[in-house]
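Here is a short tour of a single protein chain, from its overall build down to a few side chains. Please have a look at the model first, and then read on.

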Amino acid sequence: MTDARRHSNPPRRGLVLGGGGPLGAAWTVGALTAIEESTGTDLRDVDHVVGTSAGAVTAALLGAGVSVHDLREHQRGNEVDGPLSRYQWDYDSATGGARPPMPRLGMGSPRMVARNVTRLRKMPPTAVFSALLPQGRGTLRSVSELIDTVYPSRQWPAHPNVWVVAMDYESGRRVAFGRADAPETDLPTAVMASCAVPGWFAPVPIGGRRYVDGGACSATSVDLLAGLGLDEVFVVAPAVSFESDRPRAVLPRLERTWRKRVTRRCMHEVGKLHADGARVTVLAPGPADLVAMGGNMMDTIRRRRVLETSLQTSAEALGARRDAA
């Protein structure tokens, strides 16, 4: 695309919303608020939205017309007038709490291991690990009810390019529901599939196959937007960090080690958009956010603190980038 064409038409924008459990969702709302206030962009109007796991819920809500303002106020427990007002979502218990229920016995997807036995080393380690984990028993019915309430037709959102990422639990293949090459399904079911953390929640059946959390392939799936001729892409990635804190407890230390791998994968994907000439802004939790999050992204007791911290740190991060530009 020539520079003349880029400047003669409104910029084409994309938004990537990564996974990260309930705390990642809260942090994401703070980051989205900062983006809108910094750029003056209504993020419901971007050309493409890609959501994975908790990010899939937010992507679906934006695609259904829910504003970032309403997402923020709803997280705070305040009344809102939009579609979210029709459902009494309990942030503290809707996804089952900070610990998973006892899983079923046996490997979650022996078929996936058998089909990929000669290429396991080439697959994302999280995808292989997800197949080895026992099948979860948790339910995401409340997530389906939330999406069904704000978009009761159960069809895809009015937004033409909302993609919800899950992993085919039989093959290990990444699937972006809503894209032309993906199996057809309704929006609530696709979001449940994208959120089905292996070993925690039960896989979601779609078209005779089982699907689990898209984060097993990639926490962000930024590269799905490559080749679309976008001018600018905002990546909101709760599982990525460029700076870390120094936790002493074992669980947070393990979580920070995992973040390093997620960050490398995300930036590799971002490189594909840079090759297209797109300007990419990646927002990720910094040290103060990580302190607020602790080591368990499913621990909803920390949710309000994470949201309020993100509102401050995300605005500061975007302000620092403007000053450096």
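A residue counts as buried when its relative accessible area is under 20% and as exposed when that value is over 50%, with partly exposed in between. By that yardstick, 57% of the 325 residues of the protein chain are buried. Please keep in mind as you read that this is a predicted model.

**The chain as a whole**

What secondary structure does the protein chain have? There are 11 helices and 8 strands in the protein chain. The protein chain has a radius of gyration of 19 Å, close to the 20 Å expected from the globule rule for 325 residues, so it is as compact as a globular protein of that length. Its C-alpha trace spans about 55 × 45 × 40 Å along the principal axes.

How do the contacts run along the sequence? Take those in the protein chain between residues at least 6 apart in sequence: 77% of them join residues at least 24 apart.

On the outside, the protein chain exposes about 14,900 Å², and 52% of this area is supplied by carbon and sulfur atoms. As for charge, the protein chain carries 40 positive and 33 negative side chains, and 10 Å separates the centres of the two sets.

**A mostly covered helix**

Helix 4, which covers residues 68–75, is worth a visit. Of its 8 residues, 7 are buried, leaving the helix mostly covered. Which residues of helix 4 are buried? They are V68, D70, L71, R72, E73, H74 and Q75. Just after helix 4 comes G77, which has a positive phi of about 90°.

**An aromatic cluster**

A pair of aromatic rings is described by the distance of the centres and the angle of the planes. Searching the whole structure turns up 4 aromatic pairs. Two of them are set out here, including the burial of their residues.

| Pair | Centre to centre | Angle between planes | Geometry | Burial |
|---|---|---|---|---|
| Y87 and W89 | 6.2 Å | 45° | tilted | both buried |
| W89 and Y91 | 6.2 Å | 80° | edge-to-face | both buried |

Why is the pair of W89 and Y91 called edge-to-face? The planes of these two rings stand at 80°, and an angle over 60 degrees counts as edge-to-face. The planes of Y87 and W89 are 45° apart, and that pair is tilted. Together, Y87, W89 and Y91 make up one aromatic cluster.

Technical notes
Residues are numbered from 1 along each chain as its sequence is written. This is a predicted model: local features need pLDDT of at least 70, side-chain atom pairs count only at pLDDT 80 or more; totals for chains, interfaces and linings use all residues. Side-chain values use heavy atoms; hydrogens and water are left out. Helices (H or I, at least four residues) and strands (E, at least two) are DSSP runs, numbered from the N terminus. The radius of gyration is taken over C-alpha atoms; the globule rule is 2.2 Å times the number of residues to the power 0.38. Buried means under 20% relative accessible area, exposed over 50%, partly exposed in between (1.4 Å probe, protein chains only). Contact means heavy atoms within 4.5 Å. Accessible areas come from the Shrake-Rupley method with a 1.4 Å probe; for residues, only the protein chains shown count as cover. Lys and Arg count as positive and Asp and Glu as negative; His and the chain ends are not counted. The place of a charge is taken as NZ of Lys, CZ of Arg, CG of Asp or CD of Glu. Rings of Phe, Tyr and Trp (its six-membered ring) pair if their centres lie within 6.5 Å; planes under 30 degrees apart count as stacked, over 60 as edge-to-face and the rest as tilted.
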